[in-house]
Amino acid sequence: MSLAERDRAAAPAASGRRPLPRSLWIGLALSAVFVVAAALSFLWTPYPVDGMNIPARLQPPSWAHPLGTDHFGRDILSMIMVGARTSIAVALLAVGIGMALGVPLGLAAAARRGGLLDEVIMRANDLIFAFPALVIAILITAVFGASAVNAIVAIGIFNIPVFARLTRGAALSLWEREFILAARVAGKSAARISAEHILPNVANLLIVQGTIQFSLGILAEAGLSYVGLGAQPPTPSWGRMLAEAQTMVSLAPHVALIPGLAIVFTVLGLNLMGDGLRDLLDPKVRKART
Amino acid sequence: MTKPLRMIAASALALAAGLAPAWAQRSDVTVAMQLEPPHLDPTGGAAGAIDSVLYANVFEGLTRFTESGEVVPALAESWEISEDGLTYTFTLREGVTFHDGTAMTAADVKFSLDRARAEDSTNAQKQLFAAIDTVEAVDPRTVRVTLAQPDGMFLFNMAWGDAVIVAPESIGEIKSRPVGTGPFRFEDWVQGDRVELTRYADYWGEAPALEAATFKFISDPTAAFSAMMAGDIDAFSAFPAPENLPQFEADPRFQVLVGSTEGETILSTNNAQPPLDEPLVRKAIAHAIDRQAVIEGAMFGYGTPIGTHFAPHHPAYVDLTDMSAHDPDLARELLADAGYPDGFTTTLKLPPPSYARRGGEIIAAQLRAVGIETEITNLEWAQWLEEVFTSKNYGLSIVSHTEPMDIGIYARPDYYFQYDNPEFQALMEELNATTDAAARTEMLQDAQRMIAEDYVNGYLFQLAMTTVAKADLRGLWANAPTQAVDLTGVSWAE
């Protein structure tokens, strides 16, 4: 048996010994429910989301309205579906901004470790990190106006240092490894090494962190729209649904409970998924399991 | 139980029974409201919350409003009006003192009126004093006011909170330590929380039943509901969440007073901004709106539909709601006639009250049904005053105009509607110069028709006054002829 053949034979056996972590499955299932609901809402919702029917307001869940109706008689299930779209879009774009800016910054800092560039980048990141994220997000949206776009930017800015730090930390230890040394000896520039060798090796970490940041983004979006600084009406948003239901809790608890549970389950699902991914992808945990 | 013991017990019981009413008879009250006054000078600010706390309680004018909106004598016990309607001679009440102990005399009245109408005055309603030419203190108890032209509304104007009599010595500190002539004196203001008043012992009129009163400021409707339910407050004036009122009504511990306010709730329209400068477009908007749905959806049914800018409880009111009946097909037709067959997009800027936020969402949906898209922006009051009221940077807005008899604002082309109709302005000038009641009524009705025919704004509903109070609290105003929480007649049932 050649070496190559032995590797191939060993591979399926190895994965067979390591079943996918249960938290990953639960997390995936929970998140998938909301992603599918959001995707489906582009094509179909049980009722038009801005269809008001005031005589039929505050109805408890029924066959006609599985999750009941809100204070304007709108179908809550339809609003949750479209609201999922808002939450996911805001959080996804915010994570995108954080990654797109944070990762290159982290790579650059690691490539020039100990240098002036490293200092400037990391201290600037510390500065952003030092502010309470949600308070500054409120400030940004209050100054530039309340809208989904500004919410994305505000949440996105606070994702930058998270990714920059993570990338730099992981890249620093990689820079000491032999294969990087080999690449340097071969004459590759720091930028090429970062892109071709460092980045693929920190990708796992970034995916795990991205999932966690995604769930925090959903929470932040809900927080911003709860105080009226996220997506503006008539765009449904879970945070605003919660805020508007506040005075009706004693009349029709489901109006507040349902968007609240939607936020809880999405965030829980994404966190479980992040945990599961870490177990699956982190080499340290992988070794400990085998 | 031995005999002596039983006797002691019996007498103790009798004693307790005798004392019980005395304990139950409370003499203080805590009234909550949503907005806190920015300062405490009713003659130097537009905020209605200032009047809510101070009107009739701490400050009084020459005349005053009663609960039904009638104008009755206050500090002036009587007056004479000259034949030509230009000279008002007021006789002041005897024995009126300010809370600092000094006597209230004609000189104070002259000072107050001159201060309010001065060039540099910050009075929010300077038009109330516009007709005044001179104010003379004839003797300590007589004031003669000469008008430049007859003003049929003069006695009404003097009843406003903006026309109360202030003490010259107290002006420096009036914004934080108001000194008036009313039955209650200002005690303390804990900013962000409450204002405390206590009974003024040397009040000229009938002493109020209450010894102390506290105004608490609770802006959050949910907190308002819990504070009321928990019994932390005795009454909430203008309760902010109409959806909770049925619960209070069903609860024997509470009473709900439903009255009328002077608040015409309107879809304010920027008459100078295209395409809203087009009367046909405004007419289309008026027909696109279903007022009943707005009243039901935003106010849970509390409110009276209006078709013009006038209070329905006023004798001169004309019901013009038919002129803007809900008819989406007609609205689409009108839009096409105006040259907007596919509709257009405009802004809808909403202040915080739920009538505006919820009403705005409903109206946006109704306008969308005829092709008009609105971009909704929710604003805080300060931002709203800046962007909409002052800079006139808006297309549509929703707000309740709570001043009494304020149809005159349509004669001001620089007012934020930017409605400029010389015919209406001439009518208002004529109205101001007329004192004959029948002629005035006719002119007021013409004015109502004129703005309804021009579809200046979308006329929605008269804001209801909803006060929640503990069941045994008596004497609170159900109606709000002006922004006031008059405590002079308030007491606890025995």
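**Figure 1. The lining of the largest cavity, grouped by residue class, has 7 nonpolar, 4 polar and 1 charged residues.** The view is taken from a predicted model, and the space held in this largest cavity comes to about 80 Å³. Its lining is drawn from chain B and includes B:A286, B:I289, B:L320, B:M323 and B:A452, together with B:Y455 and B:Y459. B:R291 also belongs to the lining of the largest cavity, as do B:G307, B:S324, B:N457 and B:G458. When the whole structure is searched, 7 cavities of 30 Å³ or more are found.

**Figure 2. The second largest pocket has a volume of about 610 Å³.** Its lining is made up of 25 residues, and those lying nearest the centre of the pocket are B:G69, B:V71, B:M153, B:F156 and B:H314. Two helices of chain B, α4 (154-157) and α13 (437-453), each supply at least two residues of this lining, and α13(B) gives the most, with 4 residues. Sorted by class, the lining of the second largest pocket has 14 nonpolar, 7 polar and 4 charged residues.

**Figure 3. Helices α8 and α10 of chain A pack against each other in a roughly antiparallel arrangement.** The axes of α8 (residues 190-226) and α10 (residues 254-281) of chain A come within 8 Å and cross at roughly 170 degrees; since angles over 145 degrees count as roughly antiparallel, the two helices are therefore described in that way. On the side of α8(A), the residues making the contact include A:N204, A:I207, A:V208, A:T211 and A:I212, and further along A:F214, A:S215, A:I218, A:L219 and A:A222. On the side of α10(A), they include A:I263, A:T266, A:V267, A:L270 and A:N271, followed by A:M273, A:G274, A:L277, A:R278 and A:L281. By class, this contact between α8(A) and α10(A) has 13 nonpolar, 6 polar and 1 charged residues.

**Figure 4. Chain A, shown whole as the setting for the helix pair, has 11 helices and 0 strands.** Read from the N terminus on, the elements of chain A run α-α-α-α-α-α-α-α-α-α-α. The C-alpha trace of chain A spans about 75 × 50 × 30 Å along its principal axes.

**Figure 5. An annotated domain of chain B covers residues 70-401.** The UniProt record, an unreviewed entry, places the feature "domain: Solute-binding protein family" at these residues. Over residues 70-401 of chain B the chain is 26% helix and 26% strand, and the C-alpha atoms at the two ends of this stretch are 19 Å apart.

Note on methods: Residues numbered from 1 in each chain as written. Chains lettered and ligands numbered in written order. Predicted model: local features only at pLDDT ≥ 70, side-chain atom pairs only at ≥ 80, totals over all residues. Heavy atoms only, no water. UniProt positions renumbered as here; feature names shortened; annotations may be inferred. Axes fitted to C-alpha atoms, helices over the stretch in contact; angles between N-to-C directions. Parallel < 35°, antiparallel > 145°, perpendicular 65-115°, else oblique. Contact = heavy atoms within 4.5 Å. Nonpolar A, V, L, I, M, F, W, Y, C, P; charged D, E, K, R; others polar. 1 Å grid on protein atoms, 1.4 Å probe; cavity = no way out; pocket = protein on both sides within 12 Å on 5 of 7 lines; lining within 4 Å. Points joined across faces, edges and corners; volume = space filled by probe spheres on them.
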